[in-house]
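Hi,

Here is the structure I said I would pass on. Have a look at it, and then read on for what I found in it.

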Amino acid sequence: MTRAVRLGPRSLLTLALVSAVGVVAFGWPFLAPPTSRVGTHTQDAPWLFAGLLVLLVAVVAAAIAESGLGPKAVAMLGVLAATGAALRPIGAGTAGIEPMFFLMVLSGRVLGPGFGFVLGNVTMFASALLTGGVGPWMPFQMLAMGWFTMGAGLLPGPERTRGRTEVRLLAAYGFLAAFAYGTAMNMAGWPFMGAVASNIAFDPHAGVPANLARFVTYCLATSLGWDLGRALVTVVLTLTLGPALLRALRRATRRAAFEAPVTFEAPER
């Protein structure tokens with residue numbers, strides 16, 4: 001049986017801290033009351049929240065420093081992150097053709113939620129360097145992809161659910177999570193539109209219901225087609241390539257024996 005890569009308590013604590021800060025970073029337009037002074041800093045917020053990158057790097061450093069990610073697991077992390085980063089530019093500029101998402105789903109399923117979160121972060125960071133997409137939006141992308149990959153590792157029944165049932169479960173998750181990723185990234189950029197589209201932009205003086213209606217309109221008008229394409233591509237690739245890739249990942253994980261203890265035999269006399 002393939003065992004997921006487990007992270008230690010320090011890594012899990014850092015992951016929880018980053019996720020909590022990330023929820024605030026993504027959702028502050030709906031968390032701050034209309035009378036809050038936060039709305040006066042909407043143009044500064046992307047750079048302030050870019051400080052999340054420091055915490056995200058801390059997650060990776062803490063995970064690698066602990067015994068949960070030994071040299072073999074780090075090598076697996078590097079291979080999968082490089083593959084995901086290479087897949088991302090394939091669909092650049094084409095609506096929703098983003099094959100890296102299905103790889104993240106399958107990797108998170110096999111290697112576990114902790115490893116999946118780290119993999120999502122590292123993959124998005126590497127792909128941003130590869131495509132030149134470095135900016136204040138990058139920490140948001142890294143965090144959202146980390147959640148996306150981690151969620152696959154949290155799906156129920158990894159020991160009992162195999163075969164077609166597992167592939168269908170992963171395809172359904174990939175479909176829904178692709179929309180969730182797009183919605184999260186919309187939430188990251190929507191408050192900073194300013195006067196570009198005032199009828200659907202964030203209004204710091206409006207209440208939560210009004211801003212929620214604006215946000216839904218913004219998502220429907222700007223990204224529904226892209227998110228649908230991403231979701232469908234993830235489903236198709238998961239259903240067609242998923243069984244073979246799951247077997248390959250599980251075979252590689254078993255052979256690597258990430259958590260096998262290191263023993264030293266006494267020399268013969």
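Helix 5, covering residues 100-111, packs against helix 7 with the two axes 6 Å apart and an angle of about 45° between them. An angle of about 45° is neither under 35 degrees nor within 65 to 115, so helix 5 and helix 7 count as oblique to each other. Their crossing is right-handed. On the helix 5 side, the residues that take part are Met100, Phe101, Met104, Val105, Gly108 and Arg109, and they meet Met145, Phe148, Thr149, Ala152 and Gly153 of helix 7. Sorted by class, that contact has 7 nonpolar, 3 polar and 1 charged residues.

Before going further, a word of context: this is a predicted model. The chain has 269 residues, and 49% of them count as buried. Its secondary structure comes to 10 helices and 0 strands, so if you follow the elements from the N terminus you read α-α-α-α-α-α-α-α-α-α. Take the contacts with a separation of 6 or more: 82% of them join residues that are 24 or more positions apart. As for the outside, the accessible surface is about 13,300 Å², and carbon and sulfur atoms make up 68% of that.

Back to helix 7, residues 138-153, which also packs with helix 1, residues 9-31. What is the angle at which the axes of helix 1 and helix 7 cross? It is roughly 120°, and the axes come within 11 Å. Helix 1 and helix 7 are therefore oblique to each other as well. Here the crossing is left-handed. From helix 1, the contact takes in Leu15, Val18, Ser19, Gly22, Val23, Ala25 and Phe26, while helix 7 brings Phe140, Leu143, Ala144, Trp147 and Met150. That makes 10 nonpolar and 2 polar residues, with no charged ones.

A further pair to look at is helix 8 with helix 9. Their axes also come within 11 Å and cross at roughly 120°, and this crossing is right-handed. Thr183, Asn186 and Met187 of helix 8 make the contact with Phe215, Tyr218 and Cys219 of helix 9. The classes here are 4 nonpolar, 2 polar and no charged.

Two loop residues are worth finding on your screen too. Is Phe192, in the loop between helix 8 (163-189) and helix 9 (208-222), buried or exposed? Phe192 has a relative accessible area of 17%, and the cut-off for buried is under 20%, so Phe192 is buried. Phe192 and Phe202 are 10 residues apart in sequence, and their C-alpha atoms are 7.5 Å apart in space.

The other one is Gly133, in the loop that runs between helix 6 (113-131) and helix 7. Its relative accessibility is 19%, which means that Gly133 counts as buried. Which residues does Gly133 touch, leaving out those up to four places away in sequence? They are Ala128, Met138 and Gln141.

If you want a place to start, try helix 7: among its partners are helix 5, at about 45°, and helix 1, at roughly 120°. After that, go on to helix 8 and helix 9 and then to the loop between them, where you will find Phe192.

Cheers

How values were computed: Residues numbered from 1 in each chain as written. Predicted model: local features only at pLDDT ≥ 70, side-chain atom pairs only at ≥ 80, totals over all residues. Heavy atoms only, no water. Helix = DSSP H or I, 4+ residues; strand = E, 2+ residues; numbered from the N terminus. Buried < 20%, exposed > 50% of the residue type's maximum accessible area, 1.4 Å probe, protein only. Contact = heavy atoms within 4.5 Å. Areas by Shrake-Rupley, 256 points an atom, 1.4 Å probe, with all protein chains shown as cover. Axes fitted to C-alpha atoms, helices over the stretch in contact; angles between N-to-C directions. Parallel < 35°, antiparallel > 145°, perpendicular 65-115°, else oblique. Left-handed = near helix turned anticlockwise from the far one by under 90°. Nonpolar A, V, L, I, M, F, W, Y, C, P; charged D, E, K, R; others polar.
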